[in-house]
Amino acid sequence: MTALHGFIDHEGMQHPIRARIVDLRQMLNEWDFIGVREFSAHDDEYDCLLGPLLTSLASGADVKQVVSLLRDDIEGHFGLDSTSIDIAGFAAKVVVWWRSEQRSTE
């Protein structure tokens, strides 16, 4: 539930952002930069990135800013060397997806 914190209104109803959370979770799981999806049935391995990514994207983050956020988490939280991970490619995909979603709801 922590990934949804801040996206639920006072009546407990979920905002339309719920679909974006589901989509972003799927994108992160497909990217699977630590390579655990084939060994785990859990879909929440990367949920710690949902809140920060959604907050950054909603604030208008560009690819460079998303790369920085992801690199910091990959190195700091996950303890991995980020140089062998295609962070820029994933960040570009996420930013394009987010902007496309924004346009479709306007």
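Colleague: Why is Asp32 counted as buried?

Modeller: In this predicted model, Asp32 has a relative accessibility of 15%, and since buried means under 20% relative accessible area, Asp32 counts as buried. Asp32 lies in the loop between H1 and H2, and H1 is followed by this residue.

Colleague: What is the sign of phi at Asp32, and about how many degrees is the angle?

Modeller: The phi of Asp32 is positive, about 45 degrees, although the residue is not a glycine. Just after H2 there is another positive phi, of about 90 degrees, and there the residue is Gly60.

Colleague: Why is Ser82 counted as buried?

Modeller: The reasoning is the one used for Asp32: the relative accessibility of Ser82 is 2%, the cut-off for buried is under 20%, and therefore Ser82 counts as buried. Ser82 sits in the loop between H3 and H4, and, with neighbours within four places in sequence left aside, its contacts are Arg71, Ile74, Glu75 and Ile87.

Colleague: How do you know that the span of H1 agrees with its number of residues?

Modeller: The expected span is 1.5 Å times one less than the number of residues, so the 15 residues of H1 should cover 21 Å, and because the C-alpha atoms at its ends are 21 Å apart, the two values agree.

Colleague: Which residues of H1 are buried, and what covers them?

Modeller: The buried residues of H1 are Ile17, Arg20, Ile21, Leu24, Arg25, Met27, Leu28, Asn29 and Trp31, and their cover includes H2, helix H3 (63-76) and helix H4 (87-104). In H2, the buried residues are Leu50, Gly51, Leu53, Leu54, Ser56 and Leu57, and these pack against H1, H3 and H4.

Colleague: At what angle do H1 and H2 pack, and what is the handedness of their crossing?

Modeller: Helix H1 (residues 17-31) and helix H2 (residues 50-58) pack at an angle of about 115 degrees, with 11 Å between their axes, and their crossing is right-handed. The contact is formed by Ile21, Leu24, Arg25 and Leu28 on the side of H1, and by Leu50, Leu53 and Leu54 on the side of H2. Sorted by class, the contact has 6 nonpolar residues, no polar ones and 1 charged residue. Arg counts as charged, and Arg25 is among the residues that H1 brings to this contact.

Colleague: What makes up the largest nonpolar core, and which members touch the most others?

Modeller: This core has 28 residues, of which Leu28, Trp31 and Leu70 touch the most other members. The elements giving two or more residues to the core are H1, H2, H3 and H4, and the largest share, 7 residues, comes from H4. As for Trp31, with neighbours within four places in sequence left aside, this residue is in contact with Leu70, Ile74, Ile85, Asp86, Ile87 and Phe90.

Colleague: How many helices and strands does the protein chain have, and what percentage of its residues is buried?

Modeller: The protein chain has 4 helices and 0 strands, running α-α-α-α from the N terminus on, and buried residues make up 38% of its 106 residues. Among contacts between residues at least 6 apart in sequence, 56% join residues at least 24 apart.

Conventions. Residues numbered from 1 in each chain as written. Predicted model: local features only at pLDDT ≥ 70, side-chain atom pairs only at ≥ 80, totals over all residues. Heavy atoms only, no water. Axes fitted to C-alpha atoms, helices over the stretch in contact; angles between N-to-C directions. Left-handed = near helix turned anticlockwise from the far one by under 90°. Contact = heavy atoms within 4.5 Å. Buried < 20%, exposed > 50% of the residue type's maximum accessible area, 1.4 Å probe, protein only. Core = buried A, V, L, I, M, F, W, Y, C linked by side-chain atoms within 4.5 Å.
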